[in-house]
Amino acid sequence: KEIRITSFKSDDKIFINVEDNAGGIQQEHIEKIFDPYFTTKHKKQGVGVSLYMCKEIVYKHHNGDINVINTKNGAKFTITIPII
């Protein structure tokens, strides 16, 4: 199990990448993972608010963006925050 965190600055933004090697996110779920209460887990294992809260914090409190893509080994989340 591996999580790789990298960051870099480009122009007026900072990019933070968080990438794992856990096989990725099923394509039918990838558009919904930032929705409130969306979960693929059993109800006893989670309520589906963590990624929604991450999105809210990045968008509303940092005027940023968060995206996810599947890579050959897992999922890669990219947080983009403007430098002010």
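Two strands pair if DSSP finds at least two bridges between them. Helices (H or I, at least four residues) and strands (E, at least two) are DSSP runs, numbered from the N terminus. This is a predicted model, in which local features need pLDDT of at least 70, side-chain atom pairs count only at pLDDT 80 or more, and totals for chains, interfaces and linings use all residues. Residues are numbered from 1 along each chain as its sequence is written, and side-chain values use heavy atoms, with hydrogens and water left out.

**View 1. Strands β1 and β2 form a hairpin.**
Strand β1 covers residues 3–10 and strand β2 covers residues 13–20. They run antiparallel, joined by 8 bridges. S10 stands opposite K13 in β2. There are 2 residues between the strands. D11, in the turn, has a positive phi of about 55°.

**View 2. Four strands make an open sheet.**
The order is β1-β2-β4-β3, with antiparallel pairing. β1 and β3 (65–70) are the edge strands, and each pairs on one side only. From one strand to the next, the twist averages 15°. Here axes are lines fitted to C-alpha atoms, for helices over the stretch in contact, and angles run from 0 to 180 degrees between N-to-C directions.

**View 3. Strand β4 pairs with β2 and with β3.**
β4 spans residues 75–82. It shares 7 bridges with β2 and 6 bridges with β3. F15 faces T80 of β4 across the first of these pairings. On the β3 side, I69 has K76 of β4 as its bridge partner.

**View 4. Helix α1 lies across β3 and β4.**
The helix holds residues 50–62 and runs at about 140° to β3. V58 belongs to this helix. Is V58 buried or exposed? V58 counts as buried because its relative accessibility is 7%; buried means under 20% relative accessible area, exposed over 50%, partly exposed in between (1.4 Å probe, protein chains only). Leaving out residues up to four places away in sequence, V58 touches residues including I66, I79 and T80. Contact means heavy atoms within 4.5 Å.

**View 5. The largest nonpolar core has 10 residues.**
Such a core is a set of buried Ala, Val, Leu, Ile, Met, Phe, Trp, Tyr and Cys residues joined through side-chain atoms within 4.5 Å. Among its members are V58, I66, A75 and F77. β3 and β4 each supply at least two residues. β4 gives the largest share, 3 residues.
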